[in-house]
Amino acid sequence: MKWEGRRQSDNVEDRRGEGGGGAGPGLPMRAFGGRGLSLGTVAIALIAGWIFGINPLTVLGLLSGGGAPAAYEQPAAPAHRPPANDRSAAFVRTVLADTEDVWAAVFKASGKNYERPTLVLFSNATPTACGQGEAAAGPFYCPGDHKVYIDLGFFETLRSRLGAPGDFAQAYVIAHEVGHHVQNLMGVTERMDRQRGRVSEAQMNALSVRVELQADCLAGVWAHHSQQSKGWLEKGDLEEALNAATQIGDDTLQRNAGRRVVPESFTHGSSEQRMSWLKRGMASGDINQCNTFARS
């Protein structure tokens, strides 16, 4: 991926090295509009922990959306940018900048304005509008403050523990979380939240799968337009992203743990589904092709 020397986003807040601070005593990270984590999600996280020997919270946070505003105070210290010589941060800033360019153009074509999210780099822990963010939770998006949170150490976990190496695999993770932000702007997150308490846990898990698959498709839409405008992908890059989508499929996690595959417990989708929707977005570049709620 030929990313060096390109525009880097200024919408990056570097909180690394700061004391984590709390979002209120005992307040956990929440997912999808204020609900607690479902049993299905927890089961997948535990399976991943058994497979890879990692903290299950890594998978709970991996490629997952949101949370609802909670009792929350912005960090007292002023936001600052990452150091200019920080290569890992520069990569993240470059990918984020390209998502800004792509989604601004897509929204403009529909007569709308794209609100750019802020990406927060942190270590250990940090307060968010969705609860206390932990480094072990991996990347996540919080709709309460329109911010993507990333601990850069997660990318090593992605490579060495989850079997998904490569810079474009990392770019896919970022694009997926930005996809959750796009969903939030589209009203998908709010519609999901309205289902809370109205449907069963199994139905909520099924809706969660559709949300995650749509974020995968939106990541593919970004990749399509990004490559058209920049031509920065190299041989094997697309395969890196597709491999990442495969490795984090719910069925793959369950199967690799030597356990029975239980589709009713899925919250992110099967490997085939995740790869299929990512490929759909890549091939079409059309946000209208990402209606996972109307397709199987």
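This is a short walk through one chain, from the overall numbers down to a few individual residues.

Okay, so before anything else: what we have here is a predicted model. The chain has 296 residues, and 54% of them count as buried. On secondary structure, we get 10 helices and 6 strands. The exposed surface comes to about 12400 Å², with carbon and sulfur atoms supplying 49% of that. And if you take the contacts with a separation of 6 or more, 79% of them are between residues 24 or more positions apart.

Let's go to the strands. Start with β2, residues 118–121. What does β2 pair with? On one hand there's β1, residues 12–14, which pairs with β2 in the parallel sense over 3 bridges. On the other there's β6, residues 147–150, again parallel with β2, this time over 4 bridges. If you want landmarks while you rotate the thing, V12 stands opposite L119 in β2, and L121 stands opposite I150 in β6.

I'd like to stay on L119 for a moment. Is it buried or exposed? L119 has a relative accessibility of 0%, so it counts as buried. What is around it? Setting aside residues up to four places away in sequence, L119 touches N11, V12, E13, V92, L96, V148, I150 and I174. You'll recognise V12 from a minute ago, as the residue opposite L119. V148 and I150, both on that contact list, fall within the residue range of β6, 147–150. I174 is on the list too, and it falls within the range of helix α5, 167–186. One more distance for L119: its C-alpha atom is 9.0 Å from that of Y141, which is 22 residues away along the chain.

Next, the other pairing I want to show, β3 with β4. Those are residues 125–128 and 131–134, and they pair in the antiparallel sense over 4 bridges. A hairpin through 2 residues joins them, and T128 stands opposite G131 in β4. The loop between β3 and β4 is where you find C130. So how accessible is C130? Its relative accessible area is 0%, so C130 is buried. As for its surroundings, C130 and D145 are 8.0 Å apart, C-alpha to C-alpha, with their positions 15 residues apart in sequence.

Right, on to the aromatics. There are 8 aromatic pairs by the rule we used. The one I'd pull up is F168 with W222, which is stacked, at 5.8 Å centre to centre and 20° between the planes. Why show that one? Because F168 lies in helix α5 (residues 167–186) and W222 in helix α7 (residues 201–230), so the pair ties together parts that are 54 residues apart in sequence. Both partners are tucked away: F168 is buried at 2% relative accessible area, and W222 is buried at 1%. Elsewhere, ring pairs link W103, F107 and Y114 into a cluster.

There are also charges sitting over rings. K230 lies over the face of W232, 5.8 Å from the ring centre. R280 does likewise over W277, at 4.2 Å from the ring centre.

Now helix α8, residues 237–247. Which of its residues are buried? D237, A241, L242, A244 and A245. These cover an arc of only 155° around the axis, so they sit on the same side of α8. A reminder for anyone counting along: an α-helix has 3.6 residues a turn, so residues three or four places apart point the same way. And what do the buried residues of α8 pack against? The answer is α5 and α10, the latter being residues 271–284. We met α5 already, as the helix that holds F168.

Last stop, S270. It lies in the loop between α9, residues 250–256, and α10. S270 has a relative accessible area of 11%, and since buried means under 20%, it counts as buried. Which residues does it contact? Leaving out neighbours within four places in sequence, S270 is in contact with G249, D250 and D251. D250 and D251 fall within the range of α9, 250–256.

That's what I wanted to show; happy to go back to any of these.

How values were computed
Residues are numbered from 1 along each chain as its sequence is written. This is a predicted model: local features need pLDDT of at least 70, side-chain atom pairs count only at pLDDT 80 or more; totals for chains, interfaces and linings use all residues. Side-chain values use heavy atoms; hydrogens and water are left out. Buried means under 20% relative accessible area, exposed over 50%, partly exposed in between (1.4 Å probe, protein chains only). Contact means heavy atoms within 4.5 Å. Rings of Phe, Tyr and Trp (its six-membered ring) pair if their centres lie within 6.5 Å; planes under 30 degrees apart count as stacked, over 60 as edge-to-face and the rest as tilted. A charge sits over a ring if NZ of Lys or CZ of Arg is within 6 Å of the ring centre and within 35 degrees of the ring normal. The arc is that of the directions from the helix axis to the C-beta atoms. Accessible areas come from the Shrake-Rupley method with a 1.4 Å probe; for residues, only the protein chains shown count as cover. Two strands pair if DSSP finds at least two bridges between them.
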